[in-house]
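Open the model in your viewer and keep the sequence panel visible. The tour below goes from one selection to the next.

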Amino acid sequence: MPKQKTHSGAKKRFKVTGSGKIMKQQAGMRHNLEVKASKRKRRLNQDQVMAPADTKMAKKLLGR
């Protein structure tokens, strides 16, 4: 039986914590940064726990 390969795009975007949660980068830090407040940019730059609705698909893509 062949092994399941990890999805290349998913492994670049998501990180699994020790407890099994999926972390992702918050959207909104790619462009138009001049108009955003420093406080907002700091908040957007932090990793976020993925929503439970998306976690199932992300774990499947990561082979977990």
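**Stop one: T55 and its surroundings**

Select T55, which is found in helix 3, residues 52–61. The model is a predicted one, so the distances along the way are computed from its coordinates. Is T55 buried or exposed? With a relative accessibility of 15%, T55 falls under the 20% limit and therefore counts as buried.

Keep T55 selected and show what is around it. Apart from its neighbours within four places in sequence, T55 is in contact with I22 and M50. The pair T55 and I22 is separated by 33 residues in sequence, yet their C-alpha atoms are 6.6 Å apart in space. Now display the side chain of T55 and the backbone of A51: a polar atom of that side chain lies 2.8 Å from the backbone oxygen of A51.

**Stop two: the nonpolar core**

Select A10, I22, M50, A58 and L62 together; these five residues make up the largest nonpolar core. I22 and M50, the two contacts of T55, both belong to this core. Next, pick A10 alone. Leaving out neighbours within four places in sequence, A10 is in contact with L61 and L62, and L62 is another member of the core.

**Stop three: the sheet**

Hide the side chains and colour by secondary structure. Three strands form an open sheet in the order 1-2-3, with antiparallel pairing. Strand 1 and strand 3 are at the edges, each with a single partner strand, so one side of each has no neighbour in the sheet.

Begin with strand 1, residues 15–16, which pairs with strand 2 in the antiparallel sense over two bridges. Select K15 and look across to strand 2, where M23 stands opposite. Then follow the chain through the hairpin of strand 1 and strand 2, which has five residues between the strands. At G20 in this hairpin, phi is positive, near 100°.

Move on to the other pairing. Strand 3, residues 47–49, is antiparallel to strand 2, and three bridges join them. Which residue of strand 3 is the bridge partner of M23? Select V49 to see that partner. M23 thus serves as a reference point for both pairings: K15 is opposite it in strand 1, and V49 is its partner in strand 3.

**Stop four: the loop after strand 2**

Select N32, located in the loop between strand 2 (22–25) and helix 2 (38–44). N32 has a positive phi of about 55°, although it is not a glycine. Show the surface here: N32 has a relative accessible area of 51%, over the 50% limit, and so counts as exposed.

**Stop five: the whole chain**

Clear the selection and zoom out. The chain has three helices and three strands, and along the sequence they follow the pattern α-β-β-α-β-α. Turn the model to view it along its principal axes: the C-alpha atoms fill a box of roughly 55 × 20 × 20 Å. The radius of gyration is 15 Å, whereas a compact globule of 64 residues would have one near 11 Å.

Finally, switch on the surface for the entire chain. About 5700 Å² is exposed, and carbon and sulfur atoms supply 51% of that area. Of the 64 residues, 17% count as buried. Among contacts between residues at least 6 apart in sequence, 51% join residues at least 24 apart.

Notes. Residues are numbered from 1 along each chain as its sequence is written. This is a predicted model: local features need pLDDT of at least 70, side-chain atom pairs count only at pLDDT 80 or more; totals for chains, interfaces and linings use all residues. Side-chain values use heavy atoms; hydrogens and water are left out. A nonpolar core is a set of buried Ala, Val, Leu, Ile, Met, Phe, Trp, Tyr and Cys residues joined through side-chain atoms within 4.5 Å. Buried means under 20% relative accessible area, exposed over 50%, partly exposed in between (1.4 Å probe, protein chains only). Contact means heavy atoms within 4.5 Å. Helices (H or I, at least four residues) and strands (E, at least two) are DSSP runs, numbered from the N terminus. The radius of gyration is taken over C-alpha atoms; the globule rule is 2.2 Å times the number of residues to the power 0.38. Accessible areas come from the Shrake-Rupley method with a 1.4 Å probe; for residues, only the protein chains shown count as cover. A polar contact is a pair of N or O atoms within 3.5 Å; within protein, one must be able to donate a hydrogen and the other to accept it, and residues adjacent in sequence count only if both atoms are side-chain atoms. Two strands pair if DSSP finds at least two bridges between them.
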